[in-house]
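Colleague: Could you take me through one part of this model closely, namely the place where its two domains meet? I would like a careful account that a first-year student can follow.

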Amino acid sequence: MAGGLVKYRKLGRTSSHRKALLRNLVTSLIEHESIQTTWHKAKEAQRMADKVITLGKKNTEASKRSAMSKLFRPHDILPRLFGPLAARYADRPGGYTRVLRIEPIKEDQAPSAILELVDGPKDMRFAMTARTIAKTRTNEQELNDMTRANIAKVTRYRKDADGELEEMVQRFERLEEESDEGVEEVKKKRVYPKLERSR
């Protein structure tokens with residue numbers, strides 16, 4: 001059989017369509033810090049986003065030109081990439097993004113995921129760790145080894161991590177004390193229209 005190992009996912013698209021899709025995903029990720037998409041798109045966009053953030057850390061003219069070619073709306077995104085994000089990840093040697101699997105969003109049951117920037121305000125693992133700590137304190141239990149490992153992971157490169165974690169834990173403890181009155185259940189929206197039967 002001709003061909004060899006494919007080094008990337010084709011995502012069922014032509015080359016130009018795939019590049020445009022990934023540029024759009026990376027631009028949205030840098031702008032919003034967290035996006036929901038299918039798992040396969042998230043894994044491909046993760047590779048490109050890590051490379052773009054590395055270019056932001058280099059902060060040279062060549063890296064700015066290269067980053068401009070990889071982003072939509074570069075004049076809106078470049079100041080953020082070469083400013084706050086480069087400062088946030090200055091000490092981190094890599095792994096600027098995280099992909100978390102979630103239940104399928106669409107009705108076709110495509111595997112979905114959240115692609116997020118780590119150590120940011122929307123860091124999901126940081127919030128999940130804080131919630132676990134709050135629950136164990138409420139139940140007066142000891143922290144297990146996995147929770148301790150997660151605490152070490154989420155606080156390793158974050159500045160003022162202990163203070164932020166304690167603040168979020170206290171926020172979850174206050175939420176735990178309040179009741180669920182007035183909280184509405186979120187229902188999934190239909191992605192595809194309901195078609196009328198022809199017969």
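Modeller: Since this is a predicted model, let us begin with what is absent from the meeting of the two parts: between domain 1 and domain 2 the count of salt bridges is zero. Along the side of domain 1 that touches domain 2, strands β2 (97-102) and β3 (112-117) each provide at least two residues, and the residues of that side divide into four nonpolar and four charged, with no polar ones. Between the two domains there is one residue pair in polar contact, both residues being at pLDDT 80 or more.

To place this on the chain, the domain assignment gives domain 1 as residues 15-117 and domain 2 as residues 124-178, and the contact draws eight residues from domain 1 and four residues from domain 2. The C-alpha centres of the two domains lie 27 Å apart. The area buried between domain 1 and domain 2 is about 580 Å², and carbon and sulfur atoms give 56% of that area. Within what domain 1 buries against domain 2, Arg 92, Arg 98 and Leu 100 supply 53%, more than any other three residues.

For a single residue elsewhere on the chain, consider Thr 147, which sits in helix α6 (residues 145-155). Thr 147 counts as buried because its relative accessible area is 7%, under the 20% limit. Leaving aside its neighbours within four places in sequence, Thr 147 is in contact with Thr 129, Thr 132 and Ile 133.

Definitions and conventions: Residues numbered from 1 in each chain as written. Predicted model: local features only at pLDDT ≥ 70, side-chain atom pairs only at ≥ 80, totals over all residues. Heavy atoms only, no water. Domains from an automatic or database assignment. Contact = heavy atoms within 4.5 Å. Buried area = accessible area lost by both parts, 1.4 Å probe. Salt bridge = Lys/Arg side-chain N within 4 Å of Asp/Glu carboxyl O. Polar contact = N/O pair within 3.5 Å; in protein donor to acceptor, adjacent residues only side chain to side chain. Helix = DSSP H or I, 4+ residues; strand = E, 2+ residues; numbered from the N terminus. Nonpolar A, V, L, I, M, F, W, Y, C, P; charged D, E, K, R; others polar. Buried < 20%, exposed > 50% of the residue type's maximum accessible area, 1.4 Å probe, protein only.
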